[in-house]
Each structure stands twice: as C-alpha cells, then as structure tokens.
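Biologist: I have the sequence and the coordinates open side by side. Can you walk me through a few spots and show your reasoning as you go?

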Amino acid sequence: MSSKFLNKIRPFIGVIFLQFGSAGFAIVAKAALNQGSSHYVFSVYRNGFAALLFIPFALMFERKTRPNMTLSVFMKILLLGLLDPVIGQNMFYAGMRYTTATVTSALCNLIPTITFVVAWVLRIEKLNFRKASTYAKILGTAIALGGAMVMTMIKGSTIGLPWTHAPNTANASSNPNDHPDPIKGALMIGAGCFCYALFYILQSITLKSYGAGMSLTAMICGFGSMMGTVVAFAVERNNTSIWILRLDAKLLAYVYGGVVSSGITYYLSGVIMKEKGPVFVTAFNPLSMVIVAILSSFIFAEQMTVGKVGGALVIVVGLYLVIWGKAKDNKTEEVLPTTQQPKTDTNSSSDDELPVSSPKAGVRSQDTQVQVGNPESKAKFGRAYSRNRRSMKNAQVHVVVEE
C-alpha cells in the first residue's frame, strides 16, 4: 500500500521540485544581473556548465544507442544552439534587467501559448473549429496576451506587505545604464519566450530523427556556449573583466543555471513526461510564479501592485484554457486508434496455412500441413487451391493430390 501511494505522489513531488528549481533560478539570475553580470557572459557560462554536466553521462549511457550524425541533424542542432542559448537567453536576461523577477516569471507562462501560435502558423498544430478545444486554445491565447499587457502597462495601487516597507535597493541594478522600464523589459522577455517556443518545436522535430536526448542536450549547450562566446567577445571586446569568476552571486547563478535549470530540469521533465505527459508538467508552471513573488518580496523587497497581481491571474486563466484544449486533443488522439480497428473476415481462411488431406490410394494417409506462404508450395498447390477457394468452409479444403 505504501509503495503504491509513493508511486502516485512521485510525479507530483517531482514537478513541485521543478517549480522550486525554476523559481530559485529566477531569484539568483536577478541577483547576478543586479551585481553587474553581463547577460552575454551569463549565457556562455550557464551553457558551458550544462555541457560539462551532460557530456560524461552521454558518453556513458548513450554510447551504443546514439544514432549516426547526418548533415540535416547537425544543422538542426546548430540552429537549436542559436535559438535558446544565444538569442533566447540573451533576450531573456536583457529584459530581466528592466523589470522584476515576479514579472519575468509571470511572462514565462506565455511560452505554451506562444508555442501553440507558432505551431499553428507552421501548420504543425491543426485547428478543428467544430471542437470546443479549438476555441478554448484561441480564447486562452488572447486572454494570456491580454494579461501580459495588463501586467506591464497597468500599475495600480500598491499591496502593502509588512516585510516590503524597506527601501527597494536590493532589486536595483548596479549598472547605472539600467533603469526600470517594464514595457521594454516585457518586450525583450516576450522575444525570448518566442525563441523558446521555436526551440521546443524544433527540438521535438529533431528528437524524432536523433533520439539520444543526453547527447543532443550536450551538443546544444556546447555549440550554444561556443557561439555565445563569439557574440560576447564581439559585443564586450573592451571589457575583459566580465569573464573573471569569483565566489559571489554571479558564480552561483552560472552554476545553478547550468546544473539545475539546464541539467536536472531537462532530465526530470523527461521522466515525468513519459509517465504523465507534457500537459501535466506545464500545468504547474504558475506555481513557480507564486514562489518567485513570495521570495522576491522578502529578498528584493519587491512591491506587489494590483496590476501585477491582476495581470498574473489573467495569464494563468489563459494558460489553463490552452492546456485544457491541448489535453482534450490528446485524449481524442489516444481514443481514435483504439476505436478504428480493422475488420477481420471470419469467412475466409488463413493464407499462411492450408491443411491438405489425401484420401486416395497411393497417397500418404496422414494429413500434411502446407505452408502456402512458401513460394515453392505456392507453385505446387496454387492451381488446386485457387479452384477450391470459393468452396472453402471452416478454413479447410480437401485437395486430391496424385503422385
């Protein structure tokens, strides 16, 4: 009884752990950026640590099962390394400079919605306007986008919390060029979410032809780190001090992002998805936003406003409409193959075996089993079998064979 109960709650414990890990990364990433970390270097170190984590496991566990590399797969891996580690993460971190960790976490709930829109534009996602699930996904997309606009454009009155009365200096960036700009930050984070959506779609396509997940992740992070290094040197070529590693919040964010957000999260998400499906994992995303909001109010003394809370709730409503629509579609796809079973002809005999008896004198007295599927047997008994095909009953026919 106890083992069954543990098996039931194991996916819930795992997905809650994922949300705490995601929330923790939002906090440490914001702290590192506030201390002046370059988002270009952030991306390079994070993906570098992730590649170092995955390479040994890929060599040990996928050495015999790794598919052959083709030019098409290699180009897809390069594009994956460009979409997420280079463009997506840099836009995400750049937008994080101009807004708070709570807003960043809330806007990340747009990723499933953006993924649905991009998949529909690319004709990967098909819409059937005769189903309620289609309208739920469309309505949920519109509601989620509306919630993002409310969160960024409407401030509202401040929700007073006893522990947020201190001056909000921890949430301010040490870079004098960074000034709070919610709209600019939201646009950058939205661009990063768009790249993440493209990444997820291309990753699912690539996994169909290259199923070694650990090797794929190691190559994506490795190539992404190398391409990010080129970009960082091109943009920050006059500032070499940004590459220095010290025992501070920056190093914690780099290691945490590589090990937890890119390492453990990828693996644990795959394990849970095999048992519960992607909808189950996605449905818990708003939990990360709640955790970030609570932690930010303590660590950064972040002020909660009516606009932030209201917009976040609207995004969650839109998210769950999209998830509900996808869940209904997945159930339909699972039911159809089981209901459309091929009809079997009960009046016809099997083409694999034909019992042949020979009652005539001079022929073997015992019945012999003739394999009609054999080409040699077909040549010998084909004519007799075709003459008596129409009169066969109970999958047997008696053929007189003369010596």
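Biologist: Let's start with Lys131: what relative accessibility does it have, and is it buried, exposed or partly exposed?
Modeller: First, a caveat: this is a predicted model, in which local features need pLDDT of at least 70 and side-chain atom pairs count only at pLDDT 80 or more, while totals for chains, interfaces and linings use all residues. Residues are numbered from 1 along each chain as its sequence is written, and side-chain values use heavy atoms, with hydrogens and water left out. Lys131 sits in the loop between helix H5 (111-121) and helix H6 (132-153), helices being DSSP runs of H or I with at least four residues, and strands E runs of at least two, numbered from the N terminus. Buried means under 20% relative accessible area, exposed over 50% and partly exposed in between, with a 1.4 Å probe and protein chains only, so Lys131 counts as partly exposed, at 32%.

Biologist: How far apart are the C-alpha atoms of Lys131 and Lys328?
Modeller: Along the chain, 197 residues separate Lys131 from Lys328. In space, their C-alpha atoms are separated by 9.5 Å.

Biologist: How far does H6 reach from its first C-alpha to its last?
Modeller: H6 has 22 residues, with an expected span of 32 Å at 1.5 Å a residue. That expectation is 1.5 Å times one less than the number of residues. The model comes close to it, with a reach of 31 Å.

Biologist: Within what arc do the buried residues of H6 fall, seen down its axis?
Modeller: The buried set includes Ser133, Lys137, Gly140, Ala144 and Met151. An α-helix has 3.6 residues a turn, so residues three or four places apart point the same way. The arc uses directions from the helix axis to the C-beta atoms. The buried residues of H6 line one face of the helix, because seen down its axis they fall within an arc of 160°.

Biologist: Which exposed residues are on the face of H6 turned away from its buried side?
Modeller: Here we look at the face opposite residues such as Thr134 and Ala148, which are buried. The exposed residues carried on the face turned away are Ala132 and Met153.

Biologist: On to empty space: how many cavities of 30 Å³ or more are there?
Modeller: A cavity is a set of points on a 1 Å grid over the protein atoms alone, where a 1.4 Å probe fits but cannot get out. Grid points are joined across faces, edges and corners, and a volume is the space filled by probe spheres set on the points. The second largest cavity holds about 30 Å³. Counting those of 30 Å³ or more gives two.

Biologist: Which helix gives the most to the lining of the second largest cavity?
Modeller: Lining residues have an atom within 4 Å of a point, and here they are Asn47, Asp84, Pro85, Gln89, Phe199, Ile220, Cys221 and Tyr266. The elements giving two or more of them are helix H3 (71-96) and helix H8 (213-235). With three residues, the one that gives the most is H3.

Biologist: What is the relative accessible area of Asn47?
Modeller: Asn47 belongs to helix H2 (residues 39-61). Beyond four places in sequence, Asn47 touches Pro85, Gln89, Cys221 and Ser225, a contact being heavy atoms within 4.5 Å. Asn47 counts as buried because its relative accessible area is 2%.

Biologist: And at what relative accessibility does Ser261 count as buried?
Modeller: Ser261 is in helix H9 (residues 249-276). Leaving out residues up to four places away, Ser261 touches Phe25, Arg46, Tyr256 and Tyr266. Ser261 counts as buried at 12%.

Biologist: How far is Met69 from Ser209, C-alpha to C-alpha?
Modeller: Met69 lies in the loop between H2 and H3, and counts as partly exposed at 38% relative accessibility. Met69 and Ser209 are 140 residues apart in sequence. C-alpha to C-alpha, the two are separated in space by 9.7 Å.

Biologist: Last one: what separates the C-alpha atoms of Ile114 and Ala197?
Modeller: Ile114 is in helix H5 and is buried, with a relative accessible area of 13%. Ile114 touches Gly190, Cys193, Phe194 and Ala197, not counting residues up to four places away. Ile114 and Ala197 are 83 residues apart along the chain, yet their C-alpha atoms are separated by 6.2 Å.

Note on methods
On a 1 Å grid over the protein atoms alone, a cavity is a set of points where a 1.4 Å probe fits but cannot get out, and a pocket is an open set with protein on both sides within 12 Å along at least five of seven lines; lining residues have an atom within 4 Å of a point.
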